[in-house]
Amino acid sequence: QVQLVESGGGSVQAGGSLRLSCAYSGFIGNYYCMSWFRQVDGKEREGIATIDNDGNTEYVPSAKGRFTISKDNAKKTLYLEMNNLTPEDAAMYYCAHRRYGGSGLYICRQAHGIDSWGQGTLVTVSS
């Protein structure tokens, strides 16, 4: 089991930036993907960005060009750099890990296939 601990959430004004971090521990495996999900009350958890063990990335359209997912294997940390935030980005953000066999990064953004979740970090954006 992989343990994940997010940090970096907070309150920003529209147009501002935040960098989320996710410290991981335990055996993440040689073939895996790690993702950022977000969820607002009453809606399903949405996978917005993912990165695999080789550093390949994929984003949902709303995140592409504004958000950047990255990982530092030496620090065992996953990041999400978020720029030009809008009120629509306000949500609880979760870090996630799953085993991944290279069948397409889309599956890494599906909540039902996730092996490990963090506890979440809250992002609020004021207009």
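The chain contains zero helices and 11 strands, both taken as DSSP runs numbered from the N terminus (helices H or I, at least four residues; strands E, at least two). Read from the N terminus, the order of elements is β-β-β-β-β-β-β-β-β-β-β. The model is a predicted one, in which local features need pLDDT of at least 70 and side-chain atom pairs count only at pLDDT 80 or more, while totals for chains, interfaces and linings use all residues. Residues are numbered from 1 along each chain as its sequence is written, and side-chain values rest on heavy atoms, with hydrogens and water left out.

A look at the overall dimensions is a good place to start. The C-alpha trace spans about 40 × 25 × 25 Å along its principal axes. The radius of gyration is 14 Å, which agrees with the value near 14 Å for a compact globule of 127 residues; this radius is taken over C-alpha atoms, and the globule rule is 2.2 Å times the number of residues to the power 0.38. Of the 127 residues, 46% are buried, where buried means under 20% relative accessible area, exposed over 50%, and partly exposed in between (1.4 Å probe, protein chains only). The exposed surface of the chain comes to about 6,500 Å², with carbon and sulfur atoms supplying 47% of it; areas of this kind come from the Shrake-Rupley method with a 1.4 Å probe, and for residues only the protein chains shown count as cover. Among contacts (heavy atoms within 4.5 Å) with a separation of 6 or more, 59% are between residues 24 or more positions apart.

Charged pairs come next. Side chains of opposite charge can pair when their charged atoms come close. The structure holds five salt bridges, each defined as a side-chain nitrogen of Lys or Arg within 4 Å of a carboxyl oxygen of Asp or Glu. One of them joins R109 and E58, at 2.9 Å from N to O. Because R109 sits in the loop between β9 and β10 (116-117) and E58 in strand β6 (residues 57-59), this pair ties together parts that are 51 residues apart in sequence. R109 is counted as buried because its relative accessibility is 14%, whereas E58, at 25%, is partly exposed. Elsewhere, R38, E46, R66 and D89 are joined into one network by salt bridges that share partners.

Within that network, R38 meets E46 at 3.4 Å, N to O. R38 has 10% relative accessibility and so counts as buried, while E46, with a relative accessible area of 32%, is partly exposed. R38 also forms a salt bridge with D89, the closest N and O atoms being 2.9 Å apart. Here R38 belongs to strand β4 (residues 32-39) and D89 to the loop between β8 (77-82) and β9, so that the pair links distant parts of the chain, 51 residues apart. Both R38 and D89 are buried.

Another arginine, R98, rounds off the picture. R98 belongs to strand β9 (residues 91-99) and counts as buried because its relative accessibility is 17%. Leaving aside residues up to four places away in sequence, R98 touches Y32, C33, I107, C108, G113, I114 and D115. With I107, the side chain of R98 reaches the backbone oxygen at 3.5 Å. By C-alpha positions, R98 and V12 lie 30 Å apart in space and 86 residues apart in sequence.

Methods:
Polar contact = N/O pair within 3.5 Å; in protein donor to acceptor, adjacent residues only side chain to side chain.
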